Amino acid sequence: MGYTAIAPCYDGIPKGTMNTLTIWGLRLAAIASITSTLPLANVYAQEQKPATATIHVYRPKSHLIGIALITPAIYLDGTELQPLHNGAFFVTTVPVGKHMIICSRSTEGGLLLDFEPGRDYYFRFNAKNFHGGWVQGNIFLSQVSFEEAEREMKKLREQTVPSPQ
């Protein structure tokens, strides 16, 4: 028996085309490997928590003259966020971490909290010891549950918070 050279079989594909197909196949494999990691990158981006927490500060409507007339400002770490009007609320975001929130410039009656990313916090304006409705008492914020805030805030109007300059 004689030796016969066997030519490679390309199933009817013309010579030179196989190299082109190989190159395209490698390109498609490279694209597939790149895009297969994209969903993981998207999942990772979605799992990252925001760097802020949301606070909801509200003040139930008061008909007592002294309390109704005062408009205390709400401060975060000594910086004014917003004056809080009678029968109103506002919502804003704050950086995560420990912060003092208070409804006057003094630190007395303030709440020192460690705000967590993506969480909502609810604060209610309170007034105590107002004799005859005149400003002689204490004003302060107290942290309340979502359920309590939701129930009381339904009757209030929203104040817009100016954007930071």
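# Exercises on an aromatic cluster and a buried glutamine

Phe115, Tyr121 and Phe123 are joined into a cluster by ring pairs. The model examined here is a predicted one.

**Exercise 1. Determine which geometry the ring pairs of Phe115 adopt with Tyr121 and Phe123, and whether the rings belong to buried or exposed residues.**

Solution.
1. Begin with the whole structure, in which a search finds 3 aromatic pairs.
2. Take Phe115 with Tyr121: the centres are 4.8 Å apart and the planes make an angle of 85°. Planes over 60 degrees apart count as edge-to-face, and the pair of Phe115 and Tyr121 is accordingly edge-to-face.
3. Take Phe115 with Phe123: the centres are 6.5 Å apart and the planes stand at 70°, so this pair is edge-to-face.
4. Turn to accessibility, where buried means under 20% relative accessible area. Phe115 counts as buried because its relative accessibility is 2%. Tyr121 has 4% and therefore also counts as buried. Phe123 is buried, as is Phe115.

**Exercise 2. Locate Gln159, decide whether it is buried or exposed, and identify what its side chain and the residue as a whole approach.**

Solution.
1. Locate the residue: Gln159 lies in the segment that follows strand E9, which spans 157-158.
2. Assess its accessibility: the value is 8%, so Gln159 counts as buried.
3. List its contacts, leaving out residues up to four places away in sequence: Gln159 touches Gln82, Pro83, Leu84, His85, Ala88, Phe89 and Phe90.
4. Examine His85 among these contacts: a polar atom of the Gln159 side chain lies 2.8 Å from the backbone nitrogen of His85. The cut-off for a polar contact is 3.5 Å.

**Exercise 3. State where the charged end of Arg59 sits.**

Solution.
1. Identify the ring: the charged end of Arg59 sits over that of Phe125.
2. Give the distance: the charged end is 4.7 Å from the centre of the Phe125 ring.

**Exercise 4. Describe the chain as a whole: its elements, its buried fraction, its contacts and its accessible surface.**

Solution.
1. Count the elements: the chain has 3 helices and 9 strands.
2. Read their order from the N terminus: α-β-α-β-β-β-β-β-β-β-α-β.
3. Consider burial: of the 165 residues in the chain, 28% are buried.
4. Consider contacts with a separation of 6 or more: 62% of them are between residues 24 or more positions apart.
5. Consider the surface: the accessible area of the chain is about 11500 Å², and carbon and sulfur atoms account for 58% of it.

Technical notes: Residues are numbered from 1 along each chain as its sequence is written. This is a predicted model: local features need pLDDT of at least 70, side-chain atom pairs count only at pLDDT 80 or more; totals for chains, interfaces and linings use all residues. Side-chain values use heavy atoms; hydrogens and water are left out. Helices (H or I, at least four residues) and strands (E, at least two) are DSSP runs, numbered from the N terminus. Buried means under 20% relative accessible area, exposed over 50%, partly exposed in between (1.4 Å probe, protein chains only). A polar contact is a pair of N or O atoms within 3.5 Å; within protein, one must be able to donate a hydrogen and the other to accept it, and residues adjacent in sequence count only if both atoms are side-chain atoms. Contact means heavy atoms within 4.5 Å. Accessible areas come from the Shrake-Rupley method with a 1.4 Å probe; for residues, only the protein chains shown count as cover. Rings of Phe, Tyr and Trp (its six-membered ring) pair if their centres lie within 6.5 Å; planes under 30 degrees apart count as stacked, over 60 as edge-to-face and the rest as tilted. A charge sits over a ring if NZ of Lys or CZ of Arg is within 6 Å of the ring centre and within 35 degrees of the ring normal.
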